[in-house]
Amino acid sequence: MFALLLTALGLYGLLSYSVSRRSRELALRAALGARRHQLLRAAAMGGIRLVLLGSLIGLGAALGLSRLLQSLLVDVTPFDPGTYLLVLALLLGVALLAVLIPTLGVT
C-alpha cells in the first residue's frame, strides 16, 4: 500500500511539473483563440499517454515477475485482475488530477 501511495505522489509530481513547464505554451494557445476544453484536452492527452505507456510496461513486468514474488503475496493470487484494474484506475485518476489542476490554473 505504501508503494502505491509513493507511486501516486511521484506520478502527481512528475505530471504537474510537466504541465507547469508547458504553461507558456498553453497561455499562448489561449491567446491565439484556443478554447478551454482544447487546452485541457491537449494537456491531458500528453499525461494520459505517458501513464498508459508506463502502465503497459509495468503490467508486462508485473506479470513476468509475479511467479517469482508469489511467496510474498498475501490473500492475492499472482494474476488477480481486480488488483491490476484497481491500480490502473488509481494511477489514471491521479494522472488526470495532476494534469488538470495546473492546467486549470493557466486557463
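**How helix 1 meets helix 3**

In this predicted model, helix 1 (residues 2-21) packs against helix 3 (residues 36-65) at an angle of about 145 degrees, and their axes lie 10 Å apart. The crossing of helix 1 and helix 3 is right-handed. Helix 1 makes the contact with L11, L14 and L15, while helix 3 offers G47, L50 and V51. By class, this contact between helix 1 and helix 3 has 5 nonpolar residues, 1 polar residue and no charged ones.

Now take helix 1 by itself. Its 20 residues, at 1.5 Å a residue, should span 28 Å. The end C-alpha atoms of helix 1 are 29 Å apart, which agrees.

Which residues of helix 1 are buried? They are A8, L11, L15, S16 and V19. Seen down the axis of helix 1, these buried residues fall within an arc of 120 degrees, so they line one face of the helix. The spacing of a helix helps here. An α-helix has 3.6 residues a turn, so residues three or four places apart point the same way. The face of helix 1 turned away from the buried side carries exposed residues: F2, A3, L6, L9 and R21.

Helix 3 comes next. Its 30 residues, at 1.5 Å a residue, should span 44 Å. The end C-alpha atoms of helix 3 are 43 Å apart, which agrees. The buried residues of helix 3 are L39, L40, A43, A44, G47, I48, V51 and S55.

Now return to the contact. L11 and L15 of helix 1 take part in it, and both are among the buried residues of helix 1. On the other side, G47 and V51 of helix 3 take part, and both are among the buried residues of helix 3.

How values were computed: Residues numbered from 1 in each chain as written. Predicted model: local features only at pLDDT ≥ 70, side-chain atom pairs only at ≥ 80, totals over all residues. Heavy atoms only, no water. Axes fitted to C-alpha atoms, helices over the stretch in contact; angles between N-to-C directions. Helix = DSSP H or I, 4+ residues; strand = E, 2+ residues; numbered from the N terminus. Left-handed = near helix turned anticlockwise from the far one by under 90°. Contact = heavy atoms within 4.5 Å. Nonpolar A, V, L, I, M, F, W, Y, C, P; charged D, E, K, R; others polar. Expected span 1.5 Å × (residues − 1). Buried < 20%, exposed > 50% of the residue type's maximum accessible area, 1.4 Å probe, protein only. Arc of directions from axis to C-beta.
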